[in-house]
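Reader: I've got a fold open on my screen and some labels I'd like to see justified. Can we go through them one at a time?

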Amino acid sequence: MTVEKRSVLVLDCAEPEALAEFYAGLLGAEVRRCPDPDFVEVVGHDGVRLAVRRDHGYAPPSWPRPDDSQQAHLHILVAAADMDEAEREAVGLGARPVEAKDNKGPRDVRTYADPAGHSFTLAARESRTPS
């Protein structure tokens with residue numbers, strides 16, 4: 001029998017409260033403070049779960065430089081028709097554009113750095129109609 005488990009992606013940074021607020025705003029989620037002051041969770045209504053942890057010696061990733069390449073990034077799916085608005089939201093919350101590919105249509109992919117330097121991607125997805 002397998003023990004029930006949940007997974008959560010944890011991002012390290014210098015200021016976890018500020019980064020948690022950024023992702024809560026971007027994902028339409030809420031911030032949940034934990035008993036550990038160095039750990040904050042971001043929980044969304046659609047099962048989004050992310051945590052942010054204070055690293056007192058934190059140095060931001062330097063992606064896309066190959067010598068300090070990223071190990072992971074968030075891939076946030078957005079309806080193709082909403083990509084421009086999602087980009088405005090992200091930048092308005094403090095994201096910094098890093099790269100855009102095919103800035104239109106179903107293969108629209110836009111990469112940003114969050115306020116702590118982690119990369120994340122807004123990627124267009126086809127709208128699906130319920131069956």
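Reader: What makes Tyr-112 count as buried?

Author: This is a predicted model, by the way. Tyr-112 has 1% relative accessibility, and buried means under 20%, so Tyr-112 gets the label.

Reader: And why is Phe-120 called buried?

Author: The reasoning runs along similar lines. Phe-120 comes out at 0% relative accessibility; the cut-off is under 20%, so Phe-120 counts as buried.

Reader: How many aromatic pairs are there by the rule?

Author: The count comes to four. One of them is Tyr-23 with Phe-120, with 6.0 Å centre to centre and 70° between the planes.

Reader: Why is the pair of Tyr-23 and Phe-120 called edge-to-face?

Author: Ring centres have to lie within 6.5 Å, and planes over 60 degrees apart count as edge-to-face. With 6.0 Å and 70°, Tyr-23 and Phe-120 pass on both points, so edge-to-face it is. The pair also ties together distant parts of the chain: Tyr-23 sits in helix α1 and Phe-120 in strand β8 (residues 119–125), 97 residues apart. Both Tyr-23 and Phe-120 are buried.

Reader: What makes the pair of Tyr-112 and Phe-120 stacked?

Author: Here the values are 5.4 Å centre to centre and 25° between the planes. Stacked needs centres within 6.5 Å and planes under 30 degrees apart, so Tyr-112 and Phe-120 qualify. Tyr-112 and Phe-120 also belong to one aromatic cluster, together with Phe-22 and Tyr-23.

Reader: Let's move to Thr-111. Why does Thr-111 count as buried?

Author: Thr-111 has 8% relative accessibility. That value is under 20%, so Thr-111 counts as buried. Thr-111 lies in strand β7 (residues 109–113).

Reader: How do you know that the side chains of Thr-111 and Thr-121 make a polar contact?

Author: The distance is 3.5 Å, and the cut-off is within 3.5 Å, so the contact between the Thr-111 and Thr-121 side chains is counted.

Reader: Now the largest pocket. Which residues lie nearest its centre?

Author: Leu-26, Leu-27, Val-48, Ile-76 and Leu-77, out of 22 lining residues. The volume of the largest pocket is about 480 Å³. Strand β5 gives the largest share of the lining, six residues. By class, the lining has twelve nonpolar, four polar and six charged residues.

Reader: Last one: which element has the highest mean pLDDT, and which the lowest?

Author: Helix α1 (residues 16–27) has the highest, 95, and strand β6 (residues 96–101) the lowest, 80. For the chain, the mean is 81, and 78% of the residues reach 70 or more.

Key. Residues are numbered from 1 along each chain as its sequence is written. Side-chain values use heavy atoms; hydrogens and water are left out. pLDDT is the predictor's confidence in each residue, from 0 to 100. Helices (H or I, at least four residues) and strands (E, at least two) are DSSP runs, numbered from the N terminus. Buried means under 20% relative accessible area, exposed over 50%, partly exposed in between (1.4 Å probe, protein chains only). On a 1 Å grid over the protein atoms alone, a cavity is a set of points where a 1.4 Å probe fits but cannot get out, and a pocket is an open set with protein on both sides within 12 Å along at least five of seven lines; lining residues have an atom within 4 Å of a point. Grid points are joined across faces, edges and corners, and a volume is the space filled by probe spheres set on the points. Ala, Val, Leu, Ile, Met, Phe, Trp, Tyr, Cys and Pro count as nonpolar, Asp, Glu, Lys and Arg as charged, and the others, Gly among them, as polar. A polar contact is a pair of N or O atoms within 3.5 Å; within protein, one must be able to donate a hydrogen and the other to accept it, and residues adjacent in sequence count only if both atoms are side-chain atoms.
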